[in-house]
Amino acid sequence: QVQLLESGGGLVQAGASLRLSCVVSGRTASLAGVAWFRQASGKERDILATLRWDDGNADSLEDRSTIIRDDAKNTVYLQMNDLKAEDTGVYYCAADRISVGWRYTEYQYWGQGTQVTVSS
């Protein structure tokens, strides 16, 4: 089993930066990848960034977002800059033993999510 615990969300003003954290625990050696998703109210979960667990190769699908891993802390971060109102939503960390894909249906393990609200 793999457990994911997100933190770092909150209420911020437009233009601010925010760093979300995801502590990954359990059988992490078997993981293929970790990803961050955002879910706005009434919408599906959208991919933001992925990270291959074995070599740390990262891919961000938004210019304003960067995914980073701290091996010593088994923590994956999502650094977001120049936040906009449309970035408001619940941010989820996800992991899978096979996939490092872009669709939320490919991921088996999920955190509980952390709410980010951006005021304009």
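**Close-up 1. Cysteine 22 and its disulfide.** Cysteine 22 is buried, with a relative accessible area of 0%. Its partner here, in what is a predicted model, is cysteine 93, and the two sulfurs sit 2.1 Å apart. Cysteine 93 is buried as well, again at 0% relative accessible area. The S-S torsion comes out at -80 degrees, making this link left-handed. Cysteine 22 belongs to strand 3 and cysteine 93 to strand 9, so the disulfide ties together parts that are 71 residues apart in sequence. The disulfide count for the model is 1.

**Close-up 2. The largest nonpolar core.** This core holds 25 residues, and those touching the most other members are Leu4, Leu20, Val24, Trp36, Leu78, Met80 and Tyr91. Strands giving it two or more residues include strand 1 (2–7), strand 4 (33–39), strand 5 (45–52) and strand 8 (75–80). Strand 3 gives the most, with 4 residues. A second, separate core has 5 residues, among them Ala35, Phe37, Ala94 and Tyr107.

**Close-up 3. The two faces of strand 11.** Side chains alternate along this strand. Thr114, Val116 and Val118 point to one face and are buried. Gln115, Thr117 and Ser119 point to the other face and are not buried.

**Close-up 4. Strand 11 and its pairing partners.** Strand 2 (residues 10–13) runs parallel to strand 11, and 4 bridges join them. Look for leucine 11, whose bridge partner in strand 11 is threonine 117. Strand 9 pairs with strand 11 too, this time in the antiparallel sense, over 3 bridges. Glycine 89 is found opposite valine 116 of strand 11.

How values were computed: Residues are numbered from 1 along each chain as its sequence is written. This is a predicted model: local features need pLDDT of at least 70, side-chain atom pairs count only at pLDDT 80 or more; totals for chains, interfaces and linings use all residues. Side-chain values use heavy atoms; hydrogens and water are left out. A nonpolar core is a set of buried Ala, Val, Leu, Ile, Met, Phe, Trp, Tyr and Cys residues joined through side-chain atoms within 4.5 Å. Buried means under 20% relative accessible area, exposed over 50%, partly exposed in between (1.4 Å probe, protein chains only). Two strands pair if DSSP finds at least two bridges between them. A disulfide is a pair of cysteine sulfur atoms within 2.5 Å.
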